[in-house]
Amino acid sequence: MRINVELKEGIHWVGAIDWNIRDFHGYSTNKGTTYNAYLVMDDKVTLFDTVKKPFKQDLVHCIYKVVDPSKIDYLVVNHVEPDHSGSVAEMMEIIKPEKLICSPRAKKALLQHYHREDWPYHVVESGQDISLGKRTVQFIETRMLHWPDSMFSYLKEDAILISSDAFGQHWATSERFNDQVDSHELMYHATKYYANILLPYSPLVLKLIADVQKLGLKIDMIAPDHGLIWRDNPMQIVSAYAQWAQQVPKQKAVIIYDSMWRSTEMMAKAVADGLAEHGVCTKIMDLAGTHRSDAITELLDARAIILGSSTLNNGMLPRMADMLCYMKGLRPSNKIGAAFGSYGWSGESVRLMTKALEEMKVKVVHQGVSIQYVPEHQGLKQCVELGRELAVAIKNPA
Ligand code: FEO
């Protein structure tokens, strides 16, 4: 689908819709994504960002609906990750722009990606304005949100914030604006996106929100590089980011487990029973059927992470190792936790999972439960007690 949508007069969405992508470097994109680019028609015709390389023709086709691409004067690269800059080299040949506008770090990253010293780089500092004619663009560096090169472009007269990856969602739709889609599903995708991409940068998110508030920008629309454009009440997504970034947990526990012969699964259910006795909202997620990125989404607002794995070859099950590797990189904070699992003869998994929790600065509030082979009633009672103790700790934060 290649459509042309106007955000405001003379400002066009010219991106691409990727209906079929299902894995975004480890994040499950079950409903696809979009690569948004924006074209501004002014004295200086300006293209903000490009698209992932295989979608270059979609971008060119969209631009042609508005203007011959060779008429573009400025190409702004807000972010160098290849889902946005992947078409830059080919677009540079087509457009031959007067300026390629980017942050200082983006220039360095573009050189390291595309090795072209001859491009007409025009480096902008944070806070700098550039006139397009009737419009002014203000550039705001957003280092490490989520790459060192990341930058916002703010269209002052139209009060549109082109926000690069921030405030995006991986969701392929024919609609382009938030008021055209189901708001609950939109917020689910925005939550998953935050949890899996921006979570480790939460302190920087809070600082950026404070800095942008200080600038006093009027914002009519937030136009991210993925998913829907926030046209109706755009500040709702800024408020949501402020809340997620603070990582204030709810009275909620997530039990993530993998089980070899269902003994660990029996233990997971017993732990959940102990939590339920105290009315704690509990999610049980079996890694055999749950993607790591969905587990992280549930963890975003949870107080407790409770991990279960059988022991395999003196270690934990591979899906749990994968989960912990992924979780460690995302650095969730303000969590408590514990571990449990069954074993045959050596039983290392609980110790290893507990150690991993401690390394992630999760406060371990129970020594864990290990049960040899198949749990009977007494063993399951220990798991119920683990759930009860976690529930008490959730309800009585230190
Ligand atoms: Fe959507 Fe960081 O690229």
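**View A. Strand 14 in its enclosed setting.** In this predicted model, strand 14 covers residues 151-155, and five of its five residues are buried, so the strand is largely enclosed by the rest of the structure. Take a look at its two faces: Met151, Ser153 and Leu155 sit on one side, Phe152 and Tyr154 on the other, and all of them are buried. Here, buried means under 20% relative accessible area.

**View B. Strand 14 and its pairing with strand 13.** Strand 13 (residues 136-141) runs antiparallel to strand 14, and five bridges join the two. To find your bearings, start from Ile140, whose bridge partner in strand 14 is Phe152. That same Phe152 is one of the buried residues of strand 14.

**View C. Strand 14 and its pairing with strand 15.** Strand 15 (residues 160-162) pairs with strand 14 over three bridges, also in the antiparallel sense. Ser153 has Ile162 of strand 15 as its bridge partner. Four residues lie between the strands of this hairpin, where Ala159 takes a positive phi near 55°.

**View D. The largest nonpolar core.** This core has 118 residues, and Leu7, Leu47, Tyr241, Ile256 and Met327 are those with the most contacts inside it. Domain 1 (5-245) and domain 2 (252-393) both contribute residues, so the core lies between them. Apart from it lies another core, of 24 residues, including Met267, Ala270, Ala272 and Ala304.

**View E. The surroundings of Leu7.** Beyond its neighbours within four places in sequence, Leu7 is in contact with His12, Trp13, Tyr38, Ile160, Phe177, Met221, Ala223 and Ile229. Among these partners, Ile160 belongs to strand 15 (residues 160-162), the strand shown in View C.

Terms used: Residues are numbered from 1 along each chain as its sequence is written. This is a predicted model: local features need pLDDT of at least 70, side-chain atom pairs count only at pLDDT 80 or more; totals for chains, interfaces and linings use all residues. Side-chain values use heavy atoms; hydrogens and water are left out. Buried means under 20% relative accessible area, exposed over 50%, partly exposed in between (1.4 Å probe, protein chains only). Two strands pair if DSSP finds at least two bridges between them. A nonpolar core is a set of buried Ala, Val, Leu, Ile, Met, Phe, Trp, Tyr and Cys residues joined through side-chain atoms within 4.5 Å. Domain bounds come from an automatic or database domain assignment. Contact means heavy atoms within 4.5 Å.
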